[in-house]
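Dear colleague,

I am handing over the structure below, and my notes on what was found in it follow directly after. Please read them with the coordinates open beside you.

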Amino acid sequence: MEAPQNQAAWLAKANTPLQVGKAPLPSAGPGELVVKNAAIAINPLDCHMQDSGVFIQQHAINLISGRPEDAAFALYTVISVDKAAILPRGISFSEGVVVPFAFEAAVCALSVQVPGIAIPGIPTPALGLPYPSLQRPVPPSAKTLVIYGGSSSVGSMATQLATAAGVNVISIVGAHSFELSKRCGASQVIDRQVPSIVDKVVEAIDIAGRDEFVGIFDAISTPETYAHDLAILARRGGGHLACTHPPPNETPANVKAGMIFGVNDVVTPAWRDFVTPALRDGKLQCLPQPVIVGKGLQHIQDALDKCRAGVSATKLVVEL
């Protein structure tokens with residue numbers, strides 16, 4: 001039997017188009033699997049990595065390891081056994097691929113207990129929320145969390161996981177994404193375009209009636225959203241601010257700000273105990289819905305360009 005041939009979308013240098021070419025066929029080491037990729041999801045971080053060359057050393061894009069065999073933009077990829085799950089029948093590969101990166105990032109945003117280092121000088125957030133539960137219904141906790149950008153891939157996943165942990169979630173999204181956020185489990189949804197957004201969020205927290213306001217997970221993390229975050233936190237006496245980019249340069253002493261780093265062993269128990277049964281039982285949904293850009297590695301650059309231009313309440317996917 002002839003050995004399969006691998007290909008990858010290579011980045012020769014920063015801020016240049018990807019080039020599809022031959023790649024070594026990876027082999028699994030201890031505790032690893034070789035996966036034949038059927039679909040690839042595009043993340044905003046991929047665009048940043050292409051533009052800036054962060055973590056890129058003339059190989060197909062991957063997150064931190066520097067090993068081409070770990071890169072997603074290839075026909076075959078090496079993954080950890082601890083970060084693998086079984087995709088149930090009835091969920092396509094193009095739907096399932098929405099989950100992994102968002103799941104990893106969302107658990108890192110929600111469940112880290114002790115701050116670590118995201119990048120030099122910036123800690124990771126440590127909201128210390130419990131892992132999601134398979135229970136139906138989930139016993140409610142006394143905690144309320146605001147998720148800014150609840151229709152994004154990571155925001156919608158964080159909504160699902162926090163809700164599955166019994167946390168009351170208030171989601172801030174565009175008006176067209178209200179149903180998506182409700183489907184993910186948000187108890188209240190607020191239009192991000194309303195002029196009185198700070199007042200609306202503070203009122204929603206009061207209406208929730210929970211004893212503990214945890215803080216805000218800002219899945220957008222722009223100067224505009226940071227201004228709203230800090231105003232809300234000031235009105236509520238402080239709290240956590242988990243960001244997807246470096247947090248504001250100056251924050252009050254009662255605000256614990258940090259940037260998520262989407263690779264952490266804290267995620268391993270959630271992968272092991274939650275993902276497969278939750279997908280099977282519908283507790284974990286593949287949201288937002290994928291939009292197929294094309295089929296084949298040559299379409300990854302098209303997908304990156306579309307992602308860079310901006311998308312909302314969808315996940316760009318390339319099938320292989």
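**Ser-181 and the packing of H3**

Ser-181 has a relative accessibility of 1% and therefore counts as buried, the cut-off for that class being under 20%. Please keep in mind that this is a predicted model. Ser-181 sits in helix H5, which covers residues 178-184, and, when its neighbours within four places in sequence are left aside, it is in contact with Gly-150, Ser-151, Thr-159, Ser-171, Val-173, Ala-186 and Val-189.

The other part of these notes concerns helix H3 (residues 99-110), which packs against helix H4 (residues 153-164) at an angle of about 60°, the two axes being 8 Å apart. H3 and H4 are therefore oblique to each other, and the crossing in which H3 passes H4 is right-handed. On the H3 side the contact is made by Val-99, Ala-102, Phe-103, Ala-105, Ala-106, Val-107 and Leu-110, which meet Ser-153, Val-154, Met-157, Ala-158, Leu-161 and Ala-162 of H4. Of the residues in this contact, twelve are nonpolar and one is polar, while none is charged.

As for the surroundings of H3, ten of its twelve residues are buried, so that the helix is mostly covered; Glu-104, Cys-108 and Ala-109 are among the buried residues. The elements that cover them include, besides H4, helix H2 (93-96), helix H8 (268-281) and the strands S8 (143-148), S11 (212-218) and S12 (239-243). The length of H3 also agrees with expectation, because twelve residues at 1.5 Å a residue should span 16 Å, and its end C-alpha atoms are 16 Å apart.

With best regards

Notes. Residues are numbered from 1 along each chain as its sequence is written. This is a predicted model: local features need pLDDT of at least 70, side-chain atom pairs count only at pLDDT 80 or more; totals for chains, interfaces and linings use all residues. Side-chain values use heavy atoms; hydrogens and water are left out. Axes are lines fitted to C-alpha atoms, for helices over the stretch in contact, and angles run from 0 to 180 degrees between N-to-C directions. Helices (H or I, at least four residues) and strands (E, at least two) are DSSP runs, numbered from the N terminus. Angles under 35 degrees count as roughly parallel, over 145 as roughly antiparallel, 65 to 115 as roughly perpendicular and the rest as oblique. A crossing is left-handed if the near helix is turned anticlockwise from the far one by less than a right angle, and right-handed if clockwise. Contact means heavy atoms within 4.5 Å. Ala, Val, Leu, Ile, Met, Phe, Trp, Tyr, Cys and Pro count as nonpolar, Asp, Glu, Lys and Arg as charged, and the others, Gly among them, as polar. The expected span of a helix is 1.5 Å times one less than its number of residues. Buried means under 20% relative accessible area, exposed over 50%, partly exposed in between (1.4 Å probe, protein chains only).
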